[in-house]
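Trainee: I have a new model open and want to go through it with you. Can we take the sheet, then the cysteines, then the spaces inside?

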Amino acid sequence: MSSRRKIAVIGLGYVGLPVAVAFAREGFAVTGFDIDKARVRELESGRDRTREVEATDLKHPSLRFTSDADVLHASDFFIVTVPTPIDDARRPDLRAMFEASKLVGGVLKKGGIVVYESTVYPGTVEEECAPILERCSGLKAGSDFNVGYSPERINPGDKQHRLESIVKVVSAQNAETLDIIADVYGSVVKAGIHRAPSIRVAEAAKVIENTQRDLNIAFMNELSLIFRSLDIDTGDVLEAARTKWNFLPFQPGLVGGHCIGVDPYYLTYRAEKAGYHPEVILAGRRINDGMGQRVARECVRALLRRKGAGGVVTILGLTFKEDVPDTRNSRVVDIVRELESFGLQVQVHDPLASPEDAKHEYGLTITELDALRPADAVILAVGHGSYVEGGWPLIERLLVGGSGLVLDIKMKLDRGSKPAGIELWRL
């Protein structure tokens with residue numbers, strides 16, 4: 001069944017591009033579509049700014065990229081991987097999902113299958129996207145065409161857990177379509193296929209995966225608040241606790257990015273629509289959303305003790321996680337804003353983040369390492385490999401006279417070799 005399918009991947013970001021490449025490697029005719037013409041030109045030239053795919057894979061003979069929707073008429077198996085963020089009121093923003101559905105509906109023909117991979121709340125695909133497909137195609141879901149849902153699980157920057165090596169959850173509106181979707185994905189995914197009993201079950205499974213992780217990190221962040229008040233190092237406590245076989249190895253930290261800090265709001269939104277007000281999930285979100293402000297205020301308090309008002313703070317790292325260029329929903333920005341509200345001068349460095357994206361999304365200027373002014377405090381916000389490798393010699397070089405305040409959010413610096421003139425704060 002799968003060999004006859006011509007695949008179109010809608011959205012060529014951190015998820016969509018690896019999906020398109022994986023199917024092309026297996027011999028499928030794959031069209032990768034994105035509305036961003038610059039992104040398409042970039043991929044055609046053999047360059048991927050996300051660093052998720054090698055240049056050689058972008059040149060695969062059965063893979064082509066386009067921003068021309070007319071090209072999609074030849075496809076009969078559509079995979080939608082567009083972003084599903086939240087708005088300023090922390091409500092689901094499904095505009096990209098709906099626009100993608102309109103696009104696919106305009107080229108959809110009888111016998112076609114549309115599979116959504118983007119994170120959504122239960123009911124989105126069948127209750128909101130399928131009607132758009134019907135309206136734009138003039139066809140009937142469940143008879144003329146079919147929909148499915150197979151949640152993405154790609155972890156940006158993770159070279160071990162890839163599409164091919166992660167169990168793939170698949171679902172569809174009927175048994176026949178489920179067989180086809182399972183067969184198509186099964187030709188690529190070697191780790192196995194899990195057939196969910198319904199689309200709503202698969203949607204719910206996806207949204208709780210990241211919600212569970214968010215809550216576990218929130219627990220760690222609350223523990224760090226407690227242990228700080230007790231003058232106990234959180235890292236030492238966790239190291240001791242991890243010696244028990246069933247203790248979960250989570251760490252405190254900033255929770256940003258396009259998944260963990262966003263997806264819980266999709267679940268809570270749908271729960272509230274159903275008449276239930278979530279408490280634990282939203283409490284975890286409040287803790288995690290406040291961590292940037294907490295770090296900044298700890299920095300301010302320590303600087304006041306050391307030198308009084310004012311000062312220069314260097315922040316190392318802007319991306320939402322280490323060793324990736326993705327700055328979406330970066331919570332490092334919260335630290336910057338809070339420090340600036342106290343009148344401090346803040347400068348940011350990141351070896352991977354796009355200066356253009358930083359300026360466009362946050363109005364921030366990324367400063368080259370050699371151009372950074374000597375700082376009174378350095379905040380190691382993101383554990384990029386270059387920072388960890390640079391260690392204390394790098395940190396000393398960035399401080400006024402090689403001494404000052406250092407806040408190690410990721411607990412990456414070796415306390416045993418800390419220079420004498422440095423005051424270290426760890427989350």
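Mentor: Yes. Keep in mind that this is a predicted model. Begin with the open sheet formed by five strands, whose pairing is parallel.

Trainee: In what order do the five strands of this open sheet run?

Mentor: The pairing is parallel. Read across the sheet, and the order is E10-E9-E11-E12-E13.

Trainee: Which are the edge strands?

Mentor: Look for strands that pair on one side only. Two fit that description: residues 345-349 and residues 422-426. They are strand E10 and strand E13.

Trainee: What is the average twist from one strand to the next?

Mentor: Step across the sheet, strand by strand. The twist averages 20°.

Trainee: How many bridges join strand E9 to E10?

Mentor: Strand E9 covers residues 312-316 and runs parallel to E10. Val312 has Gln345 as its bridge partner in E10. Thr314 is bridged to Gln347 of E10. The number of bridges joining the two strands is five.

Trainee: Is E10 largely enclosed or open, and why?

Mentor: Buried means under 20% relative accessible area. Four of the five residues of E10 are buried. E10 pairs on one side only. Even so, the burial count means that E10 is largely enclosed by the rest of the structure.

Trainee: On to the cysteines. How many disulfides does a search of the whole structure find?

Mentor: A disulfide needs two cysteine sulfur atoms within 2.5 Å. For Cys129, the nearest cysteine sulfur is that of Cys136, 11 Å away, and Cys129 is in no disulfide. Cys259 is in none either; the nearest cysteine sulfur to it, that of Cys129, is 17 Å away. Over the whole structure the search finds zero.

Trainee: Is Cys259 buried or exposed?

Mentor: The cut-off for buried is under 20% relative accessible area. Cys129 has 0% and is buried. Cys259 has a relative accessible area of 13%, so Cys259 is buried.

Trainee: Now the loops. Which residue in the loop between H7 and helix H8 has a positive phi?

Mentor: Helix H8 spans 234-241. The residue in question is not a glycine, yet its phi is about 60°. It counts as exposed, at 71% relative accessibility. The residue is Asp231.

Trainee: Where is Arg51 found?

Mentor: Arg51 also has a positive phi, near 65°, and is a residue other than glycine. Helix H2 covers 37-44 and helix H3 covers 55-58. Arg51 is found in the loop between H2 and H3.

Trainee: Which helix gives the largest share of the lining of the second largest pocket?

Mentor: About 970 Å³ of space lies in this pocket. Its lining has 37 residues, and those nearest its centre include Arg213 and Lys321. By class, the lining divides into 16 nonpolar, 10 polar and 11 charged. The largest share, five residues, comes from helix H7 (residues 199-229).

Trainee: What volume does the largest cavity have?

Mentor: One cavity of 30 Å³ or more is counted. Residues lining the largest cavity include Arg153, Ile154, Arg162 and Leu163. By class, this lining has four nonpolar, no polar and three charged residues. The volume is about 40 Å³.

Key:
Residues numbered from 1 in each chain as written. Predicted model: local features only at pLDDT ≥ 70, side-chain atom pairs only at ≥ 80, totals over all residues. Heavy atoms only, no water. 1 Å grid on protein atoms, 1.4 Å probe; cavity = no way out; pocket = protein on both sides within 12 Å on 5 of 7 lines; lining within 4 Å. Points joined across faces, edges and corners; volume = space filled by probe spheres on them. Nonpolar A, V, L, I, M, F, W, Y, C, P; charged D, E, K, R; others polar. Buried < 20%, exposed > 50% of the residue type's maximum accessible area, 1.4 Å probe, protein only. Pairing = 2+ DSSP bridges. Axes fitted to C-alpha atoms, helices over the stretch in contact; angles between N-to-C directions.
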